[in-house]
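Let's work through a few short exercises together. Keep the structure open beside you and try each task before reading its solution.

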Amino acid sequence: MKQTVRPPDHRSVRPRSGAAHAAPPPARTAERRRPVSTQWAAWAFLTPVTLYLALFYAYPLYRNLDLSLRNYTVRSFVQGNAPFTGLENYRKVFDDPAFAPALLHTVVFTGVCLAFQYAIGLALAVFFNQHFRLSATLRALFLVPWLLPLIVSASTWSWMLNSDSGIVNAALHALGIGPVNWLTSPSWSLTSVIIANIWIGVPFNLVVLYSGLQSIPSGLYEAAALDGAGAWRRFWSITFPLLRPVSAITLLLGLVYTLKVFDIIWIMTKGGPADASTTFATWSYQLGFGNLLPAFGPGAAVGNLLVVAALVFGLLYMRVQRKQAYS
């Protein structure tokens with residue numbers, strides 16, 4: 001009897017329970033390769049930022065630190081063979097009679113500017129948060145000081161505070177008050193640059209704090225109003241506490257900016273008269289570039305003191321934020 005041979009069955013056979021699983025489809029191989037390509041894409045995007053930070057931040061900081069640890073002259077600055085002196089430049093800075101006045105002026109300038117910029121910016125942010133008619137237009141006009149170049153703002157304030165032809169003294173004369181030597185008097189020069197810097201920094205505080213107010217739910221104010229809370233009570237119980245994270249970063253950025261303010265002071269008073277408005281920023285410039293025999297090392301040392309101060313406050317901010325996140 002002839003035996004019939006059946007052709008092989010190519011249909012898929014369902015695996016029984018306990019049987020080995022089928023080989024993974026080719027799609028899984030592509031899925032395994034995706035993370036590798038994603039990592040390369042991430043590194044490709046990070047490379048320009050890393051190069052920018054290394055060239056324009058890390059390298060200048062390294063060079064400034066190297067300047068402060070060596071005895072650089074004009075010749076050695078060009079040739080690059082300055083002898084290593086360690087902390088000698090920092091000792092010269094601390095022993096300099098100008099150190100204490102410059103430190104005091106820096107603290108006063110930074111503290112007063114931060115306080116008034118934040119207070120005025122917060123008041124304007126709360127005012128514009130009411131969304132009345134023309135609020136957007138007025139808010140845009142308040143941004144003009146922030147958008148102007150600093151050299152334009154400083155020159156404008158120098159003209160306004162001029163002792164002879166300034167508009168401020170003209171207004172004081174109309175009120176029966178004698179002229180004030182805003183820029184040439186040791187008693188008023190620091191006040192003058194503080195006023196100009198407050199005017200320039202208020203728009204930044206206004207923009208950041210106004211954006212923080214937009215994130216506060218309006219239902220909280222409605223509930224507080226139903227409970228009988230007045231406007232002042234709602235501000236201290238709702239607005240101010242919920243604005244603490246935004247306020248912290250606003251004050252930190254304002255601190256870093258105010259510590260390094262140079263152009264406003266230099267254009268208006270050049271740190272004078274008699275160093276009455278000299279801060280660490282202007283003093284560092286005077287040491288490094290304001291003399292016929294520049295002191296590059298001490299000038300770099302003063303600049304590094306500003307960097308350390310900004311770094312300390314930045315670390316304190318990070319620590320406070322970390323505690324708030326854990327609490």
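**Exercise 1: A pair of packed helices**

Task: describe how helix α4 (residues 99–128) and helix α12 (residues 244–259) pack.

Solution. Start with the geometry: in this predicted model, the two helices pack at an angle of about 140°, and their axes lie 10 Å apart. Next comes the handedness, and here α4 passes α12 in a right-handed crossing. Now list the residues that touch. From α4 come Thr106, Phe109, Thr110, Cys113, Leu114, Gln117 and Tyr118, while α12 brings Ser247, Leu251, Gly254, Leu255, Thr258 and Leu259. Finally, sort the residues of this contact by character: 7 are nonpolar, 6 are polar and none is charged.

**Exercise 2: A nonpolar surface patch**

Task: find which residues form the nonpolar patch on the surface, and say which helices each supply at least two of its residues.

Solution. First, pick out the members: Leu134, Leu138, Leu141, Phe142, Val144, Leu148, Ile151, Val152 and Trp199. Together they have about 770 Å² of accessible area. Then assign them to helices: α5 (135–141) and α7 (150–160) each contribute at least two residues to the patch. As a last step, place Leu148, which sits in the loop between α6 (144–147) and α7.

**Exercise 3: Salt bridges**

Task: say how many salt bridges the whole structure holds, then examine the one that links Asp66 and Arg63.

Solution. Searching the whole structure gives 4 salt bridges. In the one chosen here, the side chains of Asp66 and Arg63 meet with an N to O distance of 3.5 Å. That distance passes the test, because a salt bridge calls for the nitrogen to be within 4 Å of the carboxyl oxygen. Now look at the spacing along the helix: Asp66 and Arg63 are 3 residues apart in α1 (residues 26–68), so about one helical turn separates them.

**Exercise 4: Backbone details in a loop**

Task: what kind of peptide bond joins Gly272 and Pro273, and what is the sign of phi at Ala274?

Solution. Begin with omega, which is about -5° between Gly272 and Pro273, a cis peptide bond. Pro273 belongs to the loop between α13 (263–268) and α14 (280–289). Moving on to Ala274, also found in the loop between α13 and α14, its phi is positive, about 55°, although this residue is not a glycine.

How values were computed. Residues numbered from 1 in each chain as written. Predicted model: local features only at pLDDT ≥ 70, side-chain atom pairs only at ≥ 80, totals over all residues. Heavy atoms only, no water. Axes fitted to C-alpha atoms, helices over the stretch in contact; angles between N-to-C directions. Helix = DSSP H or I, 4+ residues; strand = E, 2+ residues; numbered from the N terminus. Left-handed = near helix turned anticlockwise from the far one by under 90°. Contact = heavy atoms within 4.5 Å. Nonpolar A, V, L, I, M, F, W, Y, C, P; charged D, E, K, R; others polar. Patch = residues over 30% accessible without salt bridge, like charges linked within 9 Å, V, L, I, M, F, W, Y side chains within 5 Å. Areas by Shrake-Rupley, 256 points an atom, 1.4 Å probe, with all protein chains shown as cover.
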